[in-house]
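Let's take a walk through this fold, starting with its cores and ending with its cysteines. Keep the viewer open as you read.

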Amino acid sequence: MAELLSAQGAGVVVSGRDPDAVEQAAQRVSGVGCAGSPADPEIADALIERCVGEFGRIDILINCAGTPEPPGSSILNVSSAQFRELLDAHLGTVFETCRAAAPRMVAQGGGAIVNTSSFAFLGDYGGTGYPAGKGAVNGLTSAIAAELKEHGVRANVVCPGAKTRLSSGDEYEQHVTELNRRGLLDDVSLQGALDAAPPEYVAPTYAYLVSDRARGVTGRIFIAAGGFVGEFTRQSPGFLGYRDHHDSPPWTVEELHELIGG
């Protein structure tokens with residue numbers, strides 16, 4: 001994403017927890033590095049300040065951060081500390097950078113935010129903090145989009161599928177194969193997980209969403225995986241039953257069983 005945006009003429013600030021990786025990435029895109037975890041409020045503030053100080057404003061914020069679950073992690077064995085660390089990596093980075101960037105974008109009259117979620121929010125890949133964090137990113141981004149629309153600030157989500165450090169290696173392959181064996185992951189999803197396209201196939205969706213061409217697009221959750229581009233439709237309640245509480249008693253457990261489980 002940083003490489004593509006730089007090629008499109010954007011001034012880029014690269015962030016990450018590994019100082020060496022940040023420096024290498026910044027050099028590769030002729031950009032600026034700001035090392036540290038943006039889940040730390042001070043690091044998030046410094047990141048946005050670095051962008052404004054270097055380029056005079058902040059037009060784009062892209063959050064693409066995450067860390068894998070511990071091997072074999074499930075609700076049966078995850079610790080509270082592990083769960084909090086996962087939420088911090090996936091949700092904390094999004095909240096803190098959006099908190100720091102949004103007022104500046106509003107003050108300058110516009111901006112574009114793209115946060116990264118995952119198919120994992122559906123629960124199909126198991127885990128705890130990873131799906132919880134990504135699901136929370138969806139909800140937070142939807143709320144940001146609704147609140148900031150009147151100020152010309154857009155916010156969207158991308159759920160990417162790409163071959164990265166998180167989705168390669170023997171441990172990862174064993175993990176997704178085991179999920180398939182247990183029936184949590186279907187065969188098509190397994191094949192996609194094992195044979196994901198490189199991230200260059202995902203980057204254009206992010207670049208489009210932060211461009212002026214997408215000025216009417218906000219509050220949506222997209223999928224970008226290889227040559228596939230899709231969208232998760234907005235959730236809305238389906239009809240199961242209704243009675244007017246003004247002249248009807250509450251539903252009984254037996255009646256609800258007929259509606260829901262019968």
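What follows covers the nonpolar cores, one helix, one residue near the start of the chain, and the cysteines.

First, some housekeeping: this is a predicted model, where local features need pLDDT of at least 70, side-chain atom pairs count only at pLDDT 80 or more, and totals for chains, interfaces and linings use all residues. Residues are numbered from 1 along each chain as its sequence is written, and side-chain values use heavy atoms, with hydrogens and water left out.

**Cores**

A nonpolar core here is a set of buried Ala, Val, Leu, Ile, Met, Phe, Trp, Tyr and Cys residues joined through side-chain atoms within 4.5 Å. Buried means under 20% relative accessible area, exposed over 50%, and partly exposed in between (1.4 Å probe, protein chains only). The largest such core holds 22 residues, and Ile 58 and Ile 113 have the most contacts inside it. Strand E2 (32-35), helix H3 (41-55), helix H4 (80-108), helix H5 (129-148) and strand E5 (153-161) each give two or more residues to this core. Helices (H or I, at least four residues) and strands (E, at least two) are DSSP runs, numbered from the N terminus. The top contributor is H4, with six residues.

Look at Ile 113: outside its neighbours within four places in sequence, its contacts (heavy atoms within 4.5 Å) include Leu 61, Cys 98, Met 105 and Ile 144. There's also a second, separate core of 18 residues, with Ala 112, Val 114, Tyr 206 and Val 217 among them.

**Helix H4**

H4 has 29 residues and reaches 40 Å from first C-alpha to last, close to the expected 42 Å; that expected span is 1.5 Å times one less than the number of residues. H4 does bend, by about 45 degrees at Leu 91 (the angle between axes fitted to the seven residues ending there and the seven starting there). Just after H4, Gly 109 takes a positive phi of about 90 degrees.

**Ala 7**

Ala 7 sits in helix H1 (residues 2-7) and counts as exposed because its relative accessibility is 65%. Ala 7 and Arg 182 lie 44 Å apart, C-alpha to C-alpha, and 175 residues apart in sequence.

**Cysteines**

How many disulfides (cysteine sulfur pairs within 2.5 Å) does the structure hold? Zero. Here are two of the cysteines:

| Cysteine | Closest cysteine sulfur | Relative accessibility |
|---|---|---|
| Cys 64 | Cys 159, 11 Å | 48%, partly exposed |
| Cys 98 | Cys 64, 13 Å | 3%, buried |

Cys 64 is too far from Cys 159 for a bond, and Cys 98 is too far from Cys 64 for one.

Note on methods. Disulfide = S-S within 2.5 Å.
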